[in-house]
Each structure stands twice: as structure tokens, then as C-alpha cells.
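The following exercises concern strand pairing, burial and nonpolar packing. Each task is followed by a worked solution.

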Amino acid sequence: MAIRKAVSSLAKQSARSLATAAAPSNKPPTAVVLMNMGGPATLPETHQFLLDLFMDDQLIPLPFQSVLAPLIAKRRTPKIEKQYAAIGGGSPILKWTRIQGKGMAELLDELSPATAPHKAYVAFRYANPKTETCLEEMKRDGVKRAIAFTQYPQYSCSTTGSSLNELYRQVGEAAHKGKETAAQDDIQWSVIDRWGVHPGFVDSVARNIEASLASYPAESHDKVVLLFSAHSLPMSVVNRGDPYPAEVAASVSAIMARLGNRNPYRLVWQSQVGPSAWLGPQTSDAIKGYAKKGLNDLLLVPVAFTSDHIETLFELDLEYLEEAKELGMTGVKRVESLNDSPYFIRAIADIAAAHLKSGQAVSAQMGLRCPGCTNERCGKQKEWFEGFQEKIAAPAA
């Protein structure tokens, strides 16, 4: 009888423990906001996407921007719609970002239990869900602690900087002016602003390169030329001190070191728009140049993109690879994007966990403006984020 009572008591205790463990937590999630450029999910969204993009003078500086941007967007919409139609009718970037975010948040719950639960949010710059939509979702969830996590591995004022400026405009600037904001005023923010040489990111890209090299004959593996392709920048942006070219080069150097520096390689640039001078050489021109030099085996590596979108699926796959075939090159291929790579998802979880553990609001590098910067919002944005340093703290061990 005593044994039966003891077993019954243990069973009840176990049931209570399981019920407690299964009960949903009332604690609001730690938000990890994945920031990126985005892309139109459907063809009808293309025009608005282009308009928002060309109106951003941090990405594409134009004279008389408010007049020229709408004209350029309207003129380019039919062409870009055809490009999106060729890759399935829209950009898959939101799908991949959500997959990456979900996997990252699940790992973060294990890596940083003190800040759990974690939830990934998406804030695109030029496509839905935009920053304001993301902030509204965070408000509904009662978020008190948030990380602005750029999904551009290498920092540029035109990409990460523009996204952070928009977040500041939606929250910090509005609060300073006494306006109501979409997000709660008491959210404590911090920023992961660059991670292009993180070992996990480097290893993820290197693994995909190795998988692609395996598709070439064994005797030519080390002879394949690696063309690391990144989105270009106008030289006017580069010349004011933007760190992007140096940071992309640092990523390439780290990846090549991980690969043992066995292959010849070059860093090239894609997606130039308009007649002004841009960072070069352009990826297309590099392919043509190597064709003239008699080279056949080239492997294109998207080094500044974390998932497939129009720059990989159309520009690299359908434009540049087709151009190579027309030039008689039979060995030009493209490395698979990171997409749902478990190595990459683990990498961004590790980056976020280390950031939370550090208790830092911003990196030392983020606070430094470009020497030629004239954007006053950029300076105020950096000060705003730095102001959270006294409010956040590393979680208890």
C-alpha cells in the first residue's frame, strides 16, 4: 500500500511538472528583427518596390530625386516585371528569411535560455513587410527587448545604414518629436550591424563552394576561377568613405583562407544602375574578359547575399550564365545560395547569442560615420542606438 501511494504521489508530481513545462509562457519574446532590402512577392508589387528603391538617396543618389525617381521607376517596371516573371512571379526572399528566422529563434532558445523565448521578425526596406509593419507586430506581442539584426553581412550606409535610419525614423525620431509610434516606447534596442568574417558565415559559404567544385572534374578542382560577386555601389558613395568594399574584400579573404587558398579568385560587382560611375569590374564584364583570355571554368559566388532573390536567380543564373554559354564557355556555374543551409542558420543563431551575452548596444565600428557623410539623420540614429547602452545588460548566466 505504501509503495502504491508513493508511486501515485510521484505520478501526480510528474503530471504537474509536465503541465507547467507545457504551459505557454507569459513572458514577451526577445525580438530579433531581420533587416533586408526585400523584394516584391508578386508582380503587381514591382512598381512600388522600384519607386521606394529609387527614392532612397542613400542607395541610389540622383539629382532632382523626387522628380527623376518616379520617372525611372515607371520606365523600368515593365522590364523588371518580366524578370520576376522569369523566376516564378516574385521574389523568394521573404520565404527564405522566414525559414532562416524560425530556425535561428529555435536555436536561440537553447543557446540563450535567459532571454528566451525568442521570435524572429522581418523588416524589409522596400517591400512588405516594411519596418512599420514589423513594429506593429512587435507591439501586439508586447516586445520589451529587440535586436536589429542586419541580414547584409557587410555594412554599407546604402543598405544596413538605410534600414537603421528607417527604424530610427519610425521610432526614435517620432518619439523625439512627441508623436505616437507604432512600437512601444519602452523597447530596449541593440544592433548587430556587420558579421562578414564570422567563422560560421565563412564556413557556410565555403561549404557551398566546395559542393560546387565537386561538380567539376577532379583534376581541375584547383584550377576553377572563383568569381565572388557582390552588389555594386555608386562611386560617389564609395568615395565618401563607405566601408562596404573593404568589408566584402575581408569576407572574400576569410573564405579563401577557409578553403586553403587553393583556387585563383577575383572580387567582382553586379547590378549597376544608370550612367554614373559604379564600383567595378562588373561581373558580366569579368566573364567576357576571361572568355577572351581562354578561360572556361568559372564559379560565381554570391558573397553579399544571404538567400536567393532576383540578383541570383535572374541576373546571375539567367543573364550571366547564358552570356557565358553564348561565349562558348561550358564550365561557368553558380554556387548555391545560403537559403536553408543548417550551417548558416546555426551561424546567425550563434551571432545573435553572442550579441545578447555581450550586453553591448552597438559595436565600436557602428558609431563611426563616414568622413564625407552629410546625412544628419545618420548621426542622430547612431546616437539614438548608442543611448540604449545604459538600459540593456547581459542576461544572467
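**Exercise 1.** In this predicted model, determine how many bridges join strand 1 (residues 30–36) to strand 3, and in which direction the two strands run.

*Solution.* Strand 1 and strand 3 are joined by 6 bridges and run parallel. One pairing can be located by residue: Val-33 has Ala-148 of strand 3 as its bridge partner.

**Exercise 2.** Identify how strand 3 is paired with strand 4 (residues 188–192).

*Solution.* Strand 3 and strand 4 also run parallel, with 5 bridges between them. Here Arg-145 is found opposite Gln-188 of strand 4.

**Exercise 3.** Decide whether the faces of strand 3 are buried or exposed, and explain why the strand is described as enclosed.

*Solution.* Step 1: take one side, where Arg-145, Ile-147 and Phe-149 are buried. Step 2: take the other side, where Ala-146, Ala-148 and Thr-150 are buried as well. Step 3: buried denotes under 20% relative accessible area. Since 6 of the 6 residues of strand 3 (residues 145–150) are buried, the strand is largely enclosed by the rest of the structure.

**Exercise 4.** Establish which residues of the largest nonpolar core touch the most other members, and which helix gives the most to that core.

*Solution.* Step 1: the core has 43 residues, and Phe-149, Ile-209, Phe-228 and Ile-255 touch the most other members. Step 2: helix 12 (residues 342–358) gives the most, with 7 residues. Step 3: examine Ile-255; beyond its neighbours within four places in sequence, this residue contacts Val-202, Val-205, Ala-206, Ile-209, Phe-228 and Val-303. Step 4: another core, of 25 residues, lies apart from the largest one and includes Cys-134, Met-138, Trp-384 and Ile-392.

Definitions and conventions:
Residues are numbered from 1 along each chain as its sequence is written. This is a predicted model: local features need pLDDT of at least 70, side-chain atom pairs count only at pLDDT 80 or more; totals for chains, interfaces and linings use all residues. Side-chain values use heavy atoms; hydrogens and water are left out. A nonpolar core is a set of buried Ala, Val, Leu, Ile, Met, Phe, Trp, Tyr and Cys residues joined through side-chain atoms within 4.5 Å. Buried means under 20% relative accessible area, exposed over 50%, partly exposed in between (1.4 Å probe, protein chains only). Helices (H or I, at least four residues) and strands (E, at least two) are DSSP runs, numbered from the N terminus. Contact means heavy atoms within 4.5 Å. Two strands pair if DSSP finds at least two bridges between them.
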